[in-house]
Amino acid sequence: MAAKTLTIDDHLVSARPGETLLEAIREAGIVIPTLCHLDGLSDVGACRLCLVEIEGQRRLQPACMTMVSEGMVVRTSTPRLQAYRRQIVELLFAERNHVCAVCVASGNCELQRLAAMVGMDHVRYDYLSPDCSVDISHPRFGIDHNRCVLCTRCVRACDEIEGVHTWDVAGRGVQARVITDMNQPWGTSTTCTSCGKCQLACPTGAIFPRGVTVGERPHASERIALIIEARKQRW
Amino acid sequence: MSRLRIATIWLGGCSGCHMSFLDLDEWLIELAARADLVYSPIADAKHFPAEVDLTLIEGAIASDEHRELAKTARRQSKCIVSFGDCAVTGNVTALRNPLGPARNVLQQVYVEHSDPRGVIPHEPGIIPLLLDKVVPVHQVIPVDYYLSGCPPSASRIRALLEALLEGREPLVDIRYG
Amino acid sequence: MDLHELEAIAEREQAQRPHLRILCCAAAGCQASGALEIKRRLELVLSAAGKLAEVEVTPVGCMGLCGHGPLVRIEPEGTVFERVTPADAEEIVSALEQGPCNVLHCDLNHPFFTRQQPIVLRHCGRINPERIEDYIAVGGYRTLYHVIHDLTPAEVIQIIARSGLRGRGGAGYPTGLKWATVAKSPGERKFVICNADEGDPGAFMDRSVLESDPHLVLEGMAIAAYAVGAEQGFIYVRGEYPLAIERLQKAIVQARRLGLLGAQIFESGFNFRVDIRVGAGAFVCGEETALIASIEGRRGQPRPRPPYPAEKGLWGMPTLINNVETFANVTAIIENGPEWFRQIGTEKSKGTKVFALTGKIRNTGLIEVPMGITLREIVYEIGDGTPDGTPVKAVQTGGPSGGCIPAELFDTPVDYESLAAVGSIMGSGGMVVMDEHTNMVDVARFYIEFCKDESCGKCIPCRVGTVQLFNLLTKLRNGQAQPRDLDTIEELCELMRETSLCGLGQSAPNPVLSTLQYFRHEYEQLIGVEVDHGS
């Protein structure tokens with residue numbers, strides 16, 4: 001099949017048919033923020049950070065879930081998009097208790113990186129300061145809901161790669177929480193294989209190996225893609 | 001050129017940002033050559049003076065005293081910098097917010113978790129009253145610049161101060177934690 | 001089942017029916033105010049008088065004037081009594097012969113009745129919704145027969161397209177175009193879904209239609225299935241509508257028993273099975289992709305479109321999703337022809353629209369009016385103004401996705417484009433009238449609170465934006481807001497409108513934006529005196 005030619009930020013770019021716009025944008029060397037996307041997992045278009053303007057389309061579209069097409073004209077970082085991205089990151093910081101100074105992921109955190117990337121020098125919204133629980137009933141891992149951004153990468157990694165679907169989401173709106181099995185302590189889950197892929201997929205310090213302290217949780221989300229690749233090639 | 005009048009204040013924070021400020025080492029001598037430190041936890045001044053050019057505020061707003069001092073600083077300073085994560089986000093100081101209003105926190109600290117059982121201190125005019133919610137400085141007064149970090153490193157403090165001293169727009173990278 | 005048998009049922013029904021009939025509204029509203037007890041008392045009185053053979057007491061669906069219920073109608077005379085109590089039973093029965101009757105007469109010459117044009121509601125309050133024979137007696141299922149035997153699927157789609165019918169769920173997408181897309185999308189199987197997850201506060205159009213005339217919707221769905229090539233249909237109805245669910249279940253069983261649903265309908269090669277799926281109370285499941293996820297047994301959350309359900313819907317198959325009222329329009333269009341339908345309404349909005357008229361209005365109830373009627377006619381003529389004469393301030397249409405239209409704009413015709421032009425939407429048909437005592441910031445805050453509670457939590461702008469917006473409006477309400485908070489409110493509205501994943505989040509700011517547009521002073525009055533920091 002013939003390559004598709006599209007224009008991204010005034011540059012002509014060619015992309016493989018069936019590729020997502022996000023892949024094409026990244027291959028063109030353009031940096032665009034993402035949070036719910038993780039190479040190797042299905043896309044859900046939930047975080048809205050990769051929204052782009054596409055000529056001829058009334059609404060902004062998530063690059064991660066938009067397929068490239070011939071002649072597409074795309075803008076990835078207009079002032080309006082930049083403003084929205086910063087607002088979205090601010091909303092996340094205001095939603096739960098993201099205290100970088102005492103977080104296991106500090107220095108290795110995608111949310112922290114996003115704050116810098118979108119220029120979030122402060123948060124204009126009131127902090128909601130919810131009372132969130134920490135579950136360390138699992139012998140190897142813990143989940144701190146104070147740090148969770150509901151990207152559902154853990155849910156998808158568990159379902160799509162480990163094939164277990166221990167994780168899911170319960171509740172609505174800001175009350176929504178990732179849960180294990182039937183909303184029970186992780187340590188009592190009968191489906192969890194303790195594989196740790198949720199922990200690899202987690203962009204923040206929400207899911208962490210027990211025993212790590214501030215700044216000690218490494219960021220290793222790219223291993224998810226590695227696992228997929230390894231399986232494909234039957235290493 | 002007249003000498004700049006600089007103040008620093010220490011609200012709800014651990015003083016770590018001030019420690020980091022002291023890490024500026026010999027650059028402090030250069031700074032002292034161009035500016036006076038007119039009010040600071042490390043300077044001897046009882047009251048926040050008038051006509052301050054630049055005030056660095058460390059810490060979040062956690063008590064009525066913090067709130068009043070921040071307002072005074074705003075009225076009497078040309079430029080306000082939220083200095084460090086507590087001032088910018090509430091940070092560790094705001095960790096008590098999920099516990100609810102101040103009385104819950106005081107009850108837990110002074111009564112439930114104290115051994116032997118204590119009493120909640122109450123000395124109006126001497127002990128500041130805790131606010132029900134710890135908030136970042138910009139929710140109480142308008143802030144001109146934000147310097148994130150817990151604490152901000154000496155080099156980032158210097159980058160900010162150098163720019164402000166030279167009248168440039170400071171472009172300091174954002175780094176929480 | 002063939003046409004003769006169908007007609008035989010209708011004739012038998014007519015022949016067996018006593019001349020005198022007392023129709024008791026047994027829709028949810030009148031039931032709640034004691035209609036079933038009235039029906040029981042009427043039967044007792046008739047039985048005591050030995051007249052049960054001559055006079056039939058029939059439970060029927062909604063008669064429309066819900067605010068004056070319970071309603072009782074005498075056939076063939078046509079008198080309607082309002083605010084009937086069980087104690088009135090004897091008087092009503094004795095009046096059947098002697099008349100006149102002291103029980104409150106409903107004025108059928110009032111504009112509430114004369115200004116309406118029932119198409120969707122034409123059988124409502126006239127037939128017993130729990131008996132398929134009643135539906136067949138008024139001509140039911142003949143259109144389905146005609147469609148299966150005389151028309152090709154393409155011809156059916158052509159008729160619907162030519163009629164100009166647009167989706168009655170609120171967005172107004174051309175129905176014919178949607179049907180055509182599903183028909184031509186490749187897929188091993190196709191599905192038809194009826195969206196009965198009506199959730200807007202103050203809206204009860206779909207509930208009334210399902211409670212009053214379930215077969216009309218089933219017949220419409222079957223015709224749609226024939227047109228698009230589907231053999232399986234689902235009605236997704238919210239769990240809060242137990243009576244509608246019960247009546248739908250009965251209707252499906254009855255239709256299946258007569259061979260009007262199921263395999264080889266009317267002895268043709270056309271099969272169509274309908275199943276009910278009951279929603280568990282999430283407003284977002286009215287959004288089509290969330291609804292599909294819910295039917296599939298997954299968490300009811302929307303996903304980005306495209307692909308649209310018409311191409312990839314239920315289990316990845318082409319799926320037609322229409323609203324209850326859209327399906328309820330189908331038989332009338334095919335019976336009377338698209339040209340007839342096109343004459344009703346305006347240039348771009350054809351036909352009629354059912355509204356649930358509520359709020360500070362004398363005639364609360366269900367109305368069906370031609371498109372293009374003005375809000376003024378609805379509020380002052382059909383609705384008869386506010387109960388205590390307080391001036392009307394605004395009308396809210398479209399529920400949490402809609403907006404408030406101020407009284408100055410009441411000459412706006414009710415059609416998709418005009419309502420959008422004044423900052424609201426047609427919506428599914430909720431119409432809440434507000435008087436001068438209503439504070440518009442409270443109204444906006446109410447709807448934002450609703451969206452905050454109903455946001456599924458998948459995308460950030462809606463999940464957190466609604467909470468921040470609600471908190472800001474609360475701050476405003478408590479006089480603690482500063483001028484910059486108003487800017488933050490407007491910024492948040494824009495963010496949510498432009499970046500939310502689905503219609504819930506995208507339209508959630510509408511009640512705020514429209515009240516800001518027309519009643520900004522009410523917001524500004526609430527802003528506290530800004531503290532002068534003298535910087």
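In this predicted model, Asp384(C) forms a salt bridge with Arg362(C), and the closest N and O atoms of the two lie 3.8 Å apart. The pair links distant parts of the chain, with the two positions 22 residues apart: Asp384(C) sits in the loop between helix 16 (375-382) and strand 11 (392-397) of chain C, while Arg362(C) sits in the loop between strand 9 (352-359) and strand 10 (365-370) of chain C. Asp384(C) counts as partly exposed because its relative accessibility is 28%, and Arg362(C), with a relative accessible area of 38%, is likewise partly exposed. Elsewhere in chain C, salt bridges that share partners join Glu13(C), Arg17(C), Arg21(C), Glu56(C), Arg131(C), Glu133(C) and Asp134(C) into one network.

A further salt bridge of chain C brings together the side chains of Arg298(C) and Glu296(C), at 2.5 Å from N to O. Arg298(C) has a relative accessible area of 52% and is therefore exposed, since the class begins over 50%. Arg238(C), which belongs to strand 6 (residues 232-238) of chain C, has a relative accessible area of 18% and is therefore buried, the limit being under 20%. Once its neighbours within four places in sequence are left aside, Arg238(C) is in contact with Ala196(C), Asp197(C), Glu198(C), Gly199(C), Ile245(C), Val278(C) and Gly279(C).

Helix 9 (residues 175-184) of chain C also contributes buried residues, namely Thr175(C), Gly176(C), Lys178(C), Trp179(C), Thr181(C) and Val182(C). The elements against which these buried residues of helix 9 pack are helix 8 (153-163), helix 11 (214-228), helix 13 (288-295), strand 8 (319-323) and helix 14 (324-336), again of chain C.

From here the path leads to the interface with chain A, where 33 residues of chain C are in contact with 33 residues of chain A. The two chains bury about 2700 Å² between them, and 55% of that area is on carbon and sulfur atoms. Across this interface there are 17 residue pairs in polar contact, both members being at pLDDT 80 or more. On the side of chain C that touches chain A, helix 18 (440-454), helix 19 (460-477) and helix 20 (483-499) of chain C each supply at least two residues, and helix 19 gives the most, with nine residues. By class, the residues on this side of chain C divide into twelve nonpolar, ten polar and eleven charged.

How many salt bridges join chain C and chain A? The count is five, out of 59 over all chains. One salt bridge between the chains has the side chains of Arg463(C) and Glu95(A) meeting at 2.8 Å, N to O, and this pair runs from helix 19 of chain C to helix 2 (residues 79-95) of chain A. Both Arg463(C) and Glu95(A) are buried. Arg124(A) forms another salt bridge across the chains, with Glu491(C), the closest N and O atoms being 2.8 Å apart.

Within chain A, the domain assignment gives domain 1 (4-77) and domain 2 (83-231), whose centres, taken over C-alpha atoms, are separated by 25 Å. Their contact takes 23 residues from domain 1 and 22 residues from domain 2. These domains of chain A bury about 1600 Å² between them, with 68% of it on carbon and sulfur atoms. Between domain 1 and domain 2 of chain A the count of salt bridges is zero, whereas eight residue pairs are in polar contact, both at pLDDT 80 or more. The side of domain 1 that touches domain 2 has 14 nonpolar, six polar and three charged residues.

Technical notes
Residues are numbered from 1 along each chain as its sequence is written. Chains are lettered from A and ligands numbered from 1 in the order in which they are written. This is a predicted model: local features need pLDDT of at least 70, side-chain atom pairs count only at pLDDT 80 or more; totals for chains, interfaces and linings use all residues. Side-chain values use heavy atoms; hydrogens and water are left out. Contact means heavy atoms within 4.5 Å. Buried area is the accessible area (1.4 Å probe) that two parts lose on being put together, summed over both. A salt bridge is a side-chain nitrogen of Lys or Arg within 4 Å of a carboxyl oxygen of Asp or Glu. A polar contact is a pair of N or O atoms within 3.5 Å; within protein, one must be able to donate a hydrogen and the other to accept it, and residues adjacent in sequence count only if both atoms are side-chain atoms. Helices (H or I, at least four residues) and strands (E, at least two) are DSSP runs, numbered from the N terminus. Ala, Val, Leu, Ile, Met, Phe, Trp, Tyr, Cys and Pro count as nonpolar, Asp, Glu, Lys and Arg as charged, and the others, Gly among them, as polar. Domain bounds come from an automatic or database domain assignment. Buried means under 20% relative accessible area, exposed over 50%, partly exposed in between (1.4 Å probe, protein chains only).
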